Structure formats: structure tokens, C-alpha cells
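Student: I would like to work through a model and learn how each descriptive word is earned. Could we go slowly, setting each value against its cut-off?

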Amino acid sequence: MKKELKKNKACFLDRDGVLIEEGNYISSPSDVSIFHETIQALKILRKNGFKIIVITNQGGVAKGYYKEKSILDVHREIDRQLATAKLKIDKYYYCPHHPEGTVKKYSIACRCRKPAPGLIFNAAKDFDIDLSKSFLIGDKISDIEAAQNAGCSAILVKTGHGQEHIGEAETKNIIMTKNILEAVKLFTNSN
Ligand SMILES: [Mg+2]
Ligand SMILES: [Zn+2]
């Protein structure tokens, strides 16, 4: 069989602490605070032809802190705010599971909770993405490991939980930047 060429490249974004401010189990539209730098970052990604895809662990569902519907409400609010800057997330992929949850339906060891690469693989299939030309921006080591497990590049930002991971990131030779905008500029060679 002929090897098919994948057409697209993507930037996979962790949500909490990268795209929007970390809020410790964000579950309501009123919790959504988009980082100021996000707007410019997304503009650069668009200009450079990247699909913009959110990859987020939402284990709070498995823990019974909020319902799956709340995730969609939060995403709708992000969309609403981004639309005012004529920006759009191509798709949100979330994992509602947690191995130690309290809600039975979601309390499983799944293939989609980062550091597992399941959600990235789903997105790559849906959008015909060449992972070797793509990158992920995260604020936890588990985000970076998900990217590594999927075969794409990764950058750790110091926003959100990023500060807690600086030591480990240095040991593991993980690229770090101040925030989402600096990460995007670095990967796209923009200034
Ligand atoms: Mg995060
Ligand atoms: Zn999952």
C-alpha cells in the first residue's frame, strides 16, 4: 500500500493554565479568563496554517465535581470570547475519566487521559494531521509526555502549573517558555 501523506499540522493546546487561567477545576463559564497572550498566539498559529486543537484532562467529571455538560458550557464561553477577536478553536477534545474517580461510569484507566496520547491520536485522525510537524503546549509534565507519546514536539509554559515543573523540565531537557505566546513564536519562528 502506498504511504499516504498527511496534509495538516496542528498546535495542540492544553486548556487550563495554557489557553485560559488555571482555576482549580474550572466548571462554569464565569470561571473562564483567557490569557491576554492567547489572542496574539492564536493569530500567529492561524497565519502559519496550524489547526488549533484543545486537548484537556477533565477528571473533575469522574470525581463528581461537575458534569460533562459543564465542560461544553466552558468551551462555548471560550468560543464566545475568542469570536470577538475573530478567532476559533478547531475542536476541543477532553477526557472526563480518572482512575480514582467516584462516579462509576467515568472511573476507569482510559486511553485518553494525558500522559496517554489517545486524544491527540483522535484529533490527528479527524484532521489528517502530520504529528511530526505538530506541537503541543502544556503546563504539566503529563502534557509534555502525552505529546512525546504521540510523536509530536512539546513546549512547557511557566503559566498555570508550569512553575511547579521547572526543575523536572530542566532534568528532562524539556523546552520551556514564559507563556503560550512565547511558545508559539518559538515553534513558528515568529517575532
Ligand atoms: Mg493545564
Ligand atoms: Zn479518558
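Student: What makes Tyr 25 buried, exposed or partly exposed?

Tutor: Bear in mind from the start that this is a predicted model. Tyr 25 has 15 other C-beta atoms within 10 Å; a buried residue needs 20 or more and an exposed one has 12 or fewer, so Tyr 25 is called partly exposed because its count lies in between. Tyr 25 belongs to the loop between S1 and H1, and its phi is positive, about 65°, although it is not a glycine.

Student: How do you know whether Asn 24 is buried or exposed?

Tutor: Asn 24 has 9 C-beta neighbours inside 10 Å, and because the cut-off for an exposed residue is 12 or fewer, Asn 24 counts as exposed. Asn 24 lies in the loop between S1 and H1, and its phi, near 55°, is a positive value in a residue other than glycine.

Student: Where does a glycine with positive phi follow a helix?

Tutor: Gly 151 follows H4, and its phi is positive, near 85°.

Student: Why is the size of the chain said to agree with that of a compact globule?

Tutor: For 191 residues, a compact globule would have a radius of gyration near 16 Å, and the chain has 16 Å, so the value agrees with the expectation. Along the principal axes, the C-alpha atoms fill a box of roughly 45 × 45 × 35 Å, and buried residues account for 41% of the 191 residues.

Student: What makes up the secondary structure, and in which pattern does the chain run?

Tutor: The chain has six helices and six strands, and along the sequence they follow the pattern β-α-β-α-β-α-β-α-β-α-β-α.

Student: How do you know which strands are at the edge of the sheet?

Tutor: The six strands form an open sheet in the order S3-S2-S1-S4-S5-S6, with parallel pairing. S3 and S6 (176-177) are the edge strands, as each of them pairs on one side only. H3 packs on this sheet, where it touches S1, S2 and S3, and its direction makes about 150° with that of S3.

Student: What makes S5 and S6 a pair?

Tutor: A pair needs at least two bridges, and two bridges join S5 to S6, which run parallel, so the requirement is met. Leu 156 stands opposite Met 176 in S6. Across S1, S4, S5 and S6 lies helix H6 (residues 180-188), which runs at about 150° to S5.

Student: How many bridges does S2 make with S1, and how many with S3?

Tutor: S1 (residues 9-13) and S2 pair in the parallel sense over five bridges, and Lys 9 has Phe 50 of S2 as its bridge partner. Five bridges also join S2 to S3 (residues 91-95), again in parallel, and since two are enough for a pair, both of these pairings qualify. Between S2 and S3, Ile 53 is partnered with Lys 91 and Asn 57 with Cys 95. The chain passes from S2 through helix H2 (residues 68-83) to S3, and this β-α-β crossover is right-handed.

Student: Which elements make a right-handed β-α-β unit with S2?

Tutor: S1 and helix H1 (residues 36-47) make that unit together with S2.

Student: Why is S2 described as mostly covered?

Tutor: Seven of the eight residues of S2 (residues 50-57) are buried, and buried means 20 or more other C-beta atoms within 10 Å, so the description fits the strand.

Student: Which residues of H4 are buried, and what do they pack against?

Tutor: In H4 (residues 141-150), the buried residues are Ile 141, Asp 143, Ile 144, Ala 146, Ala 147 and Ala 150. The buried residues of H4 pack against S1, H3, S4, S5 and H5. In general, an α-helix has 3.6 residues a turn, so residues three or four places apart point the same way.

Student: Which residues have the most contacts inside the largest nonpolar core?

Tutor: That core has 47 residues, and those with the most contacts inside it are Cys 11, Phe 12, Leu 13, Leu 136, Ile 137 and Ile 180. Leaving out residues up to four places away in sequence, Phe 12 touches Ile 53, Ile 55, Ile 120, Ser 134, Leu 136 and Ala 147.

Methods:
Residues are numbered from 1 along each chain as its sequence is written. Chains are lettered from A and ligands numbered from 1 in the order in which they are written. This is a predicted model: local features need pLDDT of at least 70, side-chain atom pairs count only at pLDDT 80 or more; totals for chains, interfaces and linings use all residues. Helices (H or I, at least four residues) and strands (E, at least two) are DSSP runs, numbered from the N terminus. A crossover is right-handed if, with the strands pointing away from the viewer, the path from the first strand over the helix to the second runs clockwise. Two residues are in contact if their C-beta atoms, placed from the backbone, lie within 7 Å. Axes are lines fitted to C-alpha atoms, for helices over the stretch in contact, and angles run from 0 to 180 degrees between N-to-C directions. A nonpolar core is a set of buried Ala, Val, Leu, Ile, Met, Phe, Trp, Tyr and Cys residues joined through C-beta atoms within 7 Å. The radius of gyration is taken over C-alpha atoms; the globule rule is 2.2 Å times the number of residues to the power 0.38.
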